[in-house]
Amino acid sequence: MSAKKLLILPGDGIGQEVMVQVRRIIDWMGKKRGVAFDVSEGLIGGSAYDVHGTPLADETLADAMAADAVLLGAVGGPKWDDLPFEKKPERGLLKIRKEMGLFANLRPAVVFDALVEASTLKPEVVKGLDIMIVRELTGGLYFGQPRGIETLPDGQRKGVNTLTYTTSEIQRIGRAAFDLARKRRKKLTSVDKANVLECTVLWREEMIKLHKEEYSDVELEHLYVDNAAMQLVRNPRQFDVMVTENMFGDILSDCAAMLTGSLGMLPSASLGAADATGARKALYEPVHGSAPDIAGKDMANPLACILSFSMCLRYSFDMTAEADMIDNAVKTVLAGGLRTGDIMAAGKAKVSTTVMGEAIVRELDKMG
Ligand code: IPM
Ligand code: MG
């Protein structure tokens, strides 16, 4: 088996320390399962700016394009807040998503039984929750032209962003979402604002067309984004897969993440189109940010990043058995009562990032 090329971009803040725990698991896979990864590391975000004067150097982007998969930690922090817009850490992240063509962002929100109490919602509302948000990631309001801030003749300033989607952009994200729903509980909720925004009228029309022509075996429903936000906290288990515009997805996925009790638990996958061999460009990252307030203190929850690696094994390398092992190790460790600060509860044992990572490896050891 040829070594799988993995590029690791820890980024800023807690991205660094949670990635250390993922490295342990990668090493474990090599030693105990004979799965050799060809791992290299690079810079992104503020840490890249500090070295290269840009949040994503061309060489790093080239490495990402050449990798079989990219694992990313998090970007951003107060140190870089005053940089010009184009140099900000977040631009590095947006650029790598765009340049790699990662249009499909999969954000699962799963409530682990052991963490049912960590949610701010009642256990009977979130127990067993398992939804998948499919966020369009390279178009919509984040990338539409024209954009910018201009000065008007009367001296006022005007800020502009544009919401645009073409039919092919809608169709490819629609297919990605329908395909996922087909493998799950066969229900897709398309989220738009078709009562106000023409762009999303087109979105809805294209979803209906796809459904009719290719996916009539999947149930399709449409919700306006405000209602979707409300339904997510009212009765989240009504959903299976949700598909939506870039910025709507940004907002709804944070909301869905919180249903699970902690942003520290949520992984994500960002996938490009399949090439002639069926391979896709892919980047995996935790949904949480760089959390500068706790960075460097060995307090962060490494599980979202570890679960992102599990998604990487599942979606990029077809290593279902190993991905299941990691997911089960996480479940067992949580059931055993270990908690990082973000998911701490009465009667549980509060542990550091490092101890949590070690516990996962110990569980993997038991499984072989
Ligand atoms: C996310 C983040 C990013 C986004 C930021 C950091 C640019 O919030 O991945 O959800 O808005 O996409
Ligand atoms: Mg976000």
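How exposed or buried is aspartate 298? At 30% relative accessibility it counts as partly exposed, and it turns up again in one of the close-ups below. Keep in mind throughout that this is a predicted model.

**View 1. The two domains of the chain.** The domain assignment splits the protein chain into domain 1, made of 1-110 + 266-368, and domain 2, which covers 130-259. Their contact takes 19 residues from domain 1 and 21 residues from domain 2. Measure from centre to centre, using C-alpha atoms, and the two domains lie 25 Å apart. Ligand 1 belongs in this picture too, since its shell draws at least three residues from each of domain 1 and domain 2.

**View 2. The shell around ligand 1.** Here we zoom in on ligand 1 and the residues that surround it: Glu90, Arg97, Arg107, Arg135, Tyr142 and Asp250. Sorted by character, that shell has five charged residues, one nonpolar and no polar ones. Three arginines are worth picking out. The side chain of arginine 97 has an N or O atom 2.7 Å from an oxygen atom of ligand 1. For arginine 107, an N or O atom of the side chain sits 2.8 Å from a ligand 1 oxygen. Arginine 135 also reaches in, with a polar side-chain atom 2.8 Å from an oxygen atom of ligand 1. On its own, ligand 1 has 320 Å² of accessible area, and the protein covers 76% of that.

**View 3. Arginine 97 and its neighbours.** Staying with one of the ligand's arginines, this close-up is centred on arginine 97 in helix H4, residues 89-99. Which residues does arginine 97 touch, not counting those up to four places away in sequence? They are Leu102, Arg107, Arg135, Leu137, Thr138 and Glu285. Two of these names, Arg107 and Arg135, also appear in the surroundings of ligand 1. Arginine 97 has a relative accessible area of 5%, so it counts as buried.

**View 4. Leucine 220 on its strand.** Leucine 220 is part of strand E9, residues 219-224. Its relative accessibility is 16%, and because buried means under 20%, leucine 220 falls in the buried class. Leave out the neighbours within four places in sequence, and leucine 220 is in contact with Phe178, Leu188, Ser190, Met207, Ile208 and His211. For a sense of scale, try proline 108: it is 112 residues from leucine 220 along the chain, and the two C-alpha atoms are separated by 19 Å.

**View 5. Some backbone oddities.** Most residues other than glycine have a negative phi, and most peptide bonds are trans. This view collects some spots that go the other way. The peptide bond running from glutamine 145 to proline 146 is cis, with omega near 0°, and proline 146 itself is in strand E6, residues 144-151. Lysine 186, not a glycine, has a positive phi of about 60°. You'll find lysine 186 in the loop between helix H6 (167-183) and strand E8 (187-192), and at 34% relative accessibility it is partly exposed. Aspartate 298 is back here as well: it has a positive phi of about 60° although it is not a glycine. The loop that holds aspartate 298 runs between strand E12 (280-284) and helix H10 (303-315).

**View 6. Aspartate 327 in helix H11.** The last helix we look into for a buried residue is H11, residues 320-335, where aspartate 327 has its place. Is aspartate 327 buried or exposed? Its relative accessibility is 18%, so it counts as buried. Setting aside residues up to four places away in sequence, aspartate 327 touches Leu307, Ser310 and Arg314.

**View 7. Arginine 23 in helix H1.** To finish, here is arginine 23, found in helix H1, residues 14-33. Its contacts, not counting residues up to four places away in sequence, are Ile8, Val39 and Glu41. With a relative accessible area of 28%, arginine 23 is partly exposed. Phenylalanine 239 is 216 residues away from arginine 23 along the chain, and their C-alpha atoms are separated by 34 Å.

Terms used
Residues are numbered from 1 along each chain as its sequence is written. Chains are lettered from A and ligands numbered from 1 in the order in which they are written. This is a predicted model: local features need pLDDT of at least 70, side-chain atom pairs count only at pLDDT 80 or more; totals for chains, interfaces and linings use all residues. Side-chain values use heavy atoms; hydrogens and water are left out. Helices (H or I, at least four residues) and strands (E, at least two) are DSSP runs, numbered from the N terminus. Buried means under 20% relative accessible area, exposed over 50%, partly exposed in between (1.4 Å probe, protein chains only). Contact means heavy atoms within 4.5 Å. A residue is near a molecule or strand if one of its heavy atoms lies within 4 Å of it. A polar contact is a pair of N or O atoms within 3.5 Å; within protein, one must be able to donate a hydrogen and the other to accept it, and residues adjacent in sequence count only if both atoms are side-chain atoms. Accessible areas come from the Shrake-Rupley method with a 1.4 Å probe; for residues, only the protein chains shown count as cover. Ala, Val, Leu, Ile, Met, Phe, Trp, Tyr, Cys and Pro count as nonpolar, Asp, Glu, Lys and Arg as charged, and the others, Gly among them, as polar. Domain bounds come from an automatic or database domain assignment.
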